[in-house]
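Below are some comments on the model you sent, set out as numbered points. They concern side-chain pairings and burial, and are best read with the coordinates open.

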Amino acid sequence: MIRSMTGFARRERQFPWGLLAWELRTVNHRFLEIGCRLPEEFRGAEADFRQTIAGAVRRGKTDCSLHFRPAVASTSLEVDADLLRSLTERAQQIASHLGTAAGIDVVDLLRWPGVIRDNTRDTAPLIAAAHSLLGEALAELTRFRDSEGGRLRDALEQRCTGLVDLAAKVAERLPEIRARVRAKLLERIAQLVSEVDHDRLEQELAILAQRQDVDEEIDRLRGHVTEVRKAFSVQEPAGRRLDFLMQELNREANTLSSKSQDIETTRAAVDMKVLIEQMREQVQNIE
């Protein structure tokens with residue numbers, strides 16, 4: 001299942017008692033990190049909100065904001081005098097420490113979470129509505145991330161095809177490369193010595209050919225591409241597995257380049273590494 005870690009969703013709804021709106025933003029991250037900004041009336045439900053979000057988002061940095069605008073201002077507001085006194089004292093202490101006069105803005109103090117309470121408002125319907133609206137926002141976020149994931153999958157598939165084509169070209173040239181290397185070595189040996197132990201020569205040529213043989217690297221590279229394609233359809237987040245496969249693909253391309261005895265093979269290995277790096281960058285955004 002290819003799902004992007006990047007997404008955005010917004011859901012809002014007008015109720016008789018006010019307007020609720022959720023905004024969800026996600027970006028890539030190694031783990032799941034959830035940040036919630038909630039109005040005071042909803043802070044008691046933060047743990048439940050986080051649990052709901054974690055059920056829909058498996059990995060990534062997720063910023064969630066809930067906005068609440070009451071339909072009618074309450075006429076029975078209460079001020080938490082103890083909290084207000086504590087805030088005022090702390091502001092004065094900080095100002096005294098800095099050697100300046102305490103410029104306390106009353107409006108800012110009243111905006112502090114918990115200073116003003118509305119004891120007449122029943123928060124249970126608000127929280128229930130927020131839960132329902134959060135579910136809708138998460139569904140929209142999932143659709144967005146699935147759509148982005150589809151584009152990532154198409155890009156990865158295109159590069160997988162490119163890797164397989166390059167591997168086929170390298171494999172096709174191997175017999176010609178081996179024959180050319182063998183002929184070149186025999187020619188050089190003939191120029192250096194007049195008598196040659198042909199049995200020993202064949203052994204040394206076999207050892208040299210084995211060291212330069214890239215059949216295993218090509219087979220492993222093809223196998224890793226097959227595993228990448230399998231990850232496209234598994235019913236679980238595939239980002240970590242794909243990240244590991246990118247490392248394995250890069251290792252085979254590097255080995256192929258180091259063993260290369262042919263300019264075309266070297267170019268193919270470089271092209272492979274370019275494709276793998278492009279895939280690695282895309283995989284970083286997959287959940």
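**Notes on the predicted model**

1. Arg-3 has a relative accessible area of 12%, and because this falls under 20% it counts as buried. Please keep in mind throughout that the model is predicted. The side chain of Arg-3 meets that of Asp-146 in a salt bridge, with an N to O distance of 2.6 Å. This pair links distant parts of the chain, since Arg-3 belongs to the segment before β1 (7–15) and Asp-146 to helix α4 (residues 123–192), with their positions 143 residues apart in the sequence. The partner, Asp-146, counts as partly exposed at 32% relative accessibility.

2. The count of salt bridges comes to 23, and two further examples can be set beside the one above. In one of them, Lys-61 pairs with Asp-63, the closest N and O atoms being 3.3 Å apart; Lys-61 is partly exposed at 28% relative accessible area, and Asp-63 is likewise partly exposed, at 25%. In the other, Asp-82 pairs with Arg-85 at 3.0 Å between the closest N and O atoms, and both residues lie in helix α2 (residues 81–98), three residues apart, or about one turn of the helix. Asp-82 is exposed, with a relative accessible area of 55%, whereas Arg-85, at 45%, is partly exposed.

3. Salt bridges also join into a network, whose members are Glu-216, Glu-217, Arg-220, Glu-252 and Lys-259. As a separate matter, Glu-248 is placed in helix α7 (residues 239–259), where its side chain and that of Arg-251 are joined by a polar contact of 2.5 Å. Glu-248 has a relative accessible area of 15% and is therefore buried, the limit being under 20%.

4. Which residues make up the aromatic cluster? The cluster is formed by Phe-15, Trp-17, Phe-42 and Phe-68. The structure holds four aromatic pairs. In the pair of Phe-42 and Phe-68, the ring centres are 5.6 Å apart and the planes stand at 80°, so the arrangement is edge-to-face. Here too, distant parts of the chain are linked, with Phe-42 in the loop between β3 (32–37) and α1, and Phe-68 in strand β4 (residues 60–70), 26 residues apart. Both Phe-42 and Phe-68 are buried.

5. A search of the whole structure finds zero disulfides. Cys-64 is in no disulfide, and the nearest cysteine sulfur, belonging to Cys-36, is 4.7 Å away; a disulfide would need the two sulfur atoms to be within 2.5 Å. Cys-64 is buried, with a relative accessible area of 0%, and Cys-160 is also buried, again with a value of 0%.

6. Thr-52 offers a further case of contact across the sequence. The residue is found in helix α1 (residues 46–56) and counts as partly exposed at 31% relative accessibility. Leaving aside residues up to four places away in sequence, Thr-52 touches His-131, Leu-134 and Leu-138. Thr-52 and His-131 are 79 residues apart in sequence, while their C-alpha atoms are 8.4 Å apart in space.

How values were computed: Residues are numbered from 1 along each chain as its sequence is written. This is a predicted model: local features need pLDDT of at least 70, side-chain atom pairs count only at pLDDT 80 or more; totals for chains, interfaces and linings use all residues. Side-chain values use heavy atoms; hydrogens and water are left out. Buried means under 20% relative accessible area, exposed over 50%, partly exposed in between (1.4 Å probe, protein chains only). Helices (H or I, at least four residues) and strands (E, at least two) are DSSP runs, numbered from the N terminus. A polar contact is a pair of N or O atoms within 3.5 Å; within protein, one must be able to donate a hydrogen and the other to accept it, and residues adjacent in sequence count only if both atoms are side-chain atoms. Contact means heavy atoms within 4.5 Å. Rings of Phe, Tyr and Trp (its six-membered ring) pair if their centres lie within 6.5 Å; planes under 30 degrees apart count as stacked, over 60 as edge-to-face and the rest as tilted. A salt bridge is a side-chain nitrogen of Lys or Arg within 4 Å of a carboxyl oxygen of Asp or Glu.
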